[in-house]
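Me: I am new to this structure and would like to learn how to read it. Could you take me through it step by step?

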Amino acid sequence: MTFVYERLMGGKSGLSGFLILALFILIVLPLSLDLFRLNLVGKYLTYAFAAISLVLLWGYGGILSLGQGIFFGLGGYGMAMFLKLEASSPENTAIQSTPGIPDFMDWNQLTELPWFWVPFNSFTLTIIAILILPAAFAYLIGAAMFKRRVGGVYFAIITQVIAVILTVLIVGQQGFTGGINGITDLRTLNGWDITSNSAKYIFYFINCALLLTVIMASRFILTSKFGSLLLAIRDKEDRVRFSGYDVSNFKIFVFCFAALISAIGGAMFTLQVGFMSPSFVGIVPSIEMVIFAAVGGRMSLVGVVYGTLLINFGKTAFSESFPELWLFLMGGLFIAVVMFFPNGLAGIWKDYGHHLTNRLSGLRNWVQNSPAGATNKKMVDNT
Amino acid sequence: MDGYTYSELGSILAMQGFAGFSLFSVLLLMALGLAIIFGQMGVINMAHGEFMAVGAYTTYMLSTLTETYAPSLMPYYFFVAIVAAFLIAGLLGYIAEFVLIRHLYKRPLDTLLATWGLSLIMQQSFRSIFGAREVSPALPDWLLGSYQPTDTIDIPLNGMFVLGLTTVVTLGVYYLMFRSRWGLRVRATTQNRVMSGAVGINTTKVDRYTFALGCGIAGIAGAAFTTIASTGPTTGTLYIVDTFMVVVFGGAASLLGTILSAFTIAQAQSILEFFISGSMAKVYTLLALVLILMFKPEGLFASKIRR
């Protein structure tokens, strides 16, 4: 019990934050929003996976990755490839010159399924690929970089370049990847209609459950000795190295774990939104993920979820009514967060939140002590 | 290479090579500014592409003004435009440093985010002021047409002009950084900020002018860019990653490294572009760069910097 309390929840404040978040996304939002909006929230929450990965990586590890879109995209494309293969069964694609392969391959004069698509016929292999490929890719990048002590801004730039390479590759290799349109027209998962209303609800709750699990797993990592070492590496890397730790292995591990989390987010994105395209892989989405983390609070696992929701709701609301204002606002937000609120929403809550909670508890005391409150209480006791 | 005779192949190489020179010029002009800012100050300026766009839009505005009010001056406006682009982009850079960057010198990763925010604001300003469509200035007649040394080789004049401009600017930067008192102060500040302050160099002022100079050069790059392609609100972002690669690959703070790496990247890309599709050329070039950087993280020419 103490293990769950201290290590997975992070003590009293962590537990209350976690429970409030769970209450908010599991009960309040589903009850107050219609399905369309709830589906949107589900989509935003998949970005929160990437934002959480950045808390570990950037907030605690001090490693700024501008390429979380890579892993989000790999996870998303993995799931999309499976769904696409299922959607392009020989019966569904009988009008094509080569039935049984995805439509965009047929348009690009491909006559058989490329070898790297074949494993995605199996659901089990797809899940394994989603969990392993992005992490393995992250291991390659991380090992090459951190072993050679490339860090800081160089790491940021190189991850960004890799994101560009992947985007250009996906867009350029239309026959293999669906090009700029991405992989669209996804219908069923093992014969189950993913566009139906019930499926949308179920995916939303699976997504929330996964998100909460990821928060717990991340909390477990951060409260362990590894978490303290991570912070130490962020603040004085050389000192940790001179104490006899192999800094690069710690960094590689956290980068792989972050990649895994983002990939799960990507896969859930595809399931809820019903398509995947290169516009969720490149520079802009990757930097937006950093902003979600920065606005929510780069040191707060729970805060970034609110940050992600807030920015995305703002984006939707503004781009509906004042599209030209949104970029100004977003740019201003970047600057303001970096300059004035380096710890984001979570930092503001930490600094000013106790005024609010004090006032609330004062109110509660007042209600309980006042005569009216006492009668109320009595009435509640009676009923 | 079936289908081509040797002389044709030679001409293709010469022309693609020259196309590479145009790309090289723009990349180098962009990278010079960035190398000064990143190499000397350690600031990641994600808005650098937007400062280039400022230069390009300045040129466009001047060409429209000249066309409307003084058509007879059309052949000469471009020189004024280059200077104006430098001054306006430099001034904006000066302001950005004063308002934004100087608070963030101790947090290099945060400058990256703040300047990205700045770039979003600048992009939207371009869109609000000049519209979402791409614009291009009316070029003076002497920039149009091409030079034909043989029947099969066709070299555009604007490319040659940009190459000349790049040479002049590069020499200017070299003089400023390595032969003038001001450059001495900048390099001293880079090598040891505290000590430079102790010997009486106003490091705050050095930082501000260095940043302004870097942005000003990006403005010149923008003016040069208008002769090659048209400018839109998002033009800057297209080049920013390539430019960063040039600077990182060349080894930040090394002028020779920046020149050589801009040359290598531009030539590799434009010669590959002829044989395979443009997107794959870019993929291979960037991939090769990433791989090289993994083995040689400090870039081609690293300078020893003490922080």
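Reply: Happily! Let us start with a yardstick for overall form: the radius of gyration is taken over C-alpha atoms, and the globule rule is 2.2 Å times the number of residues to the power 0.38. Please keep in mind that this is a predicted model.

Me: What does that yardstick say about chain B, with its 307 residues?

Reply: For 307 residues the rule puts a compact globule near 19 Å, and chain B has 20 Å, so the two agree. The C-alpha trace of chain B spans about 65 × 55 × 35 Å along its principal axes.

Me: And how does chain A, with 383 residues, fare against the rule?

Reply: Chain A agrees with the rule too: a compact globule of 383 residues would be near 21 Å, and chain A has 23 Å. Along the principal axes, the C-alpha trace of chain A spans about 80 × 60 × 50 Å.

Me: Which helices and strands should I look for in each chain?

Reply: In chain A you will find 17 helices and two strands. Chain B has eleven helices and two strands. Follow chain B along its sequence and the pattern reads α-α-α-α-β-β-α-α-α-α-α-α-α.

Me: How many of the residues in each chain count as buried?

Reply: In chain A, buried residues make up 42% of the 383. In chain B, 48% of the 307 residues count as buried.

Me: What part of the contacts comes from residues 24 or more positions apart?

Reply: Take the contacts with a separation of 6 or more. In chain A, residues 24 or more positions apart account for 77% of them; in chain B, such residues account for 78%.

Me: How do I read a pair of packed helices?

Reply: Two packed helices are described by the angle between their axes and the distance between the axes. Try helix H5 (residues 157–178) and helix H6 (residues 181–191) of chain B, which pack at an angle of about 70° with their axes 5 Å apart. That angle makes H5(B) roughly perpendicular to H6(B). On the H5(B) side, Leu176(B), Met177(B) and Phe178(B) make the contact, while H6(B) brings Trp182(B), Gly183(B), Val186(B) and Arg187(B). Sorted by class, the residues of this contact are five nonpolar, one polar and one charged.

Me: Now for the place where the chains touch. How many residues does each chain give to the contact?

Reply: Chain A gives 34 residues and chain B gives 32. On the side of chain A that touches chain B, the elements giving two or more residues are helices H6 (123–146), H7 (152–172), H13 (283–296) and H15 (323–340) of chain A. The largest share of that side, 15 residues, comes from H7(A). By class, the side of chain A that touches chain B holds 27 nonpolar, five polar and two charged residues.

Me: How is H7(A) set against H9(B)?

Reply: H7(A) packs with helix H9 (residues 235–250) of chain B at an angle of about 135°, and their axes are 10 Å apart. The two helices are therefore oblique to each other, and H7(A) passes H9(B) in a left-handed crossing. Tyr154(A), Ile157(A), Gln160(A), Val161(A) and Val164(A) of H7(A) meet Val241(B), Phe244(B), Met245(B) and Val248(B) of H9(B). The residues of this contact divide into eight nonpolar, one polar and no charged.

Me: Can we zoom in on single residues? Is Ser262(A) buried or exposed?

Reply: Ser262(A) counts as buried because it has 35 C-beta neighbours inside 10 Å, and 20 or more are enough for that label. Look for Ser262(A) in helix H12 (residues 247–273) of chain A. Beyond its neighbours within four places in sequence, Ser262(A) is in contact with residues including Phe49(A), Phe71(A), Gly75(A) and Pro134(A).

Me: What should I know about phi?

Reply: Most residues other than glycine have a negative phi. Asp185(A) has a positive one, near 65°. Asp185(A) is found in the loop between helix H8 (174–177) and strand E1 (188–189) of chain A, and counts as partly exposed, with 16 C-beta neighbours inside 10 Å. Asn190(A), not a glycine either, has a positive phi of about 50°. Asn190(A) lies in the loop between E1 and strand E2 (192–193) of chain A, and its 9 C-beta neighbours inside 10 Å make it count as exposed.

Key: Residues numbered from 1 in each chain as written. Chains lettered and ligands numbered in written order. Predicted model: local features only at pLDDT ≥ 70, side-chain atom pairs only at ≥ 80, totals over all residues. Axes fitted to C-alpha atoms, helices over the stretch in contact; angles between N-to-C directions. Helix = DSSP H or I, 4+ residues; strand = E, 2+ residues; numbered from the N terminus. Parallel < 35°, antiparallel > 145°, perpendicular 65-115°, else oblique. Contact = placed C-beta atoms within 7 Å. Nonpolar A, V, L, I, M, F, W, Y, C, P; charged D, E, K, R; others polar. Buried ≥ 20, exposed ≤ 12 C-beta atoms within 10 Å, placed from the backbone. Left-handed = near helix turned anticlockwise from the far one by under 90°.
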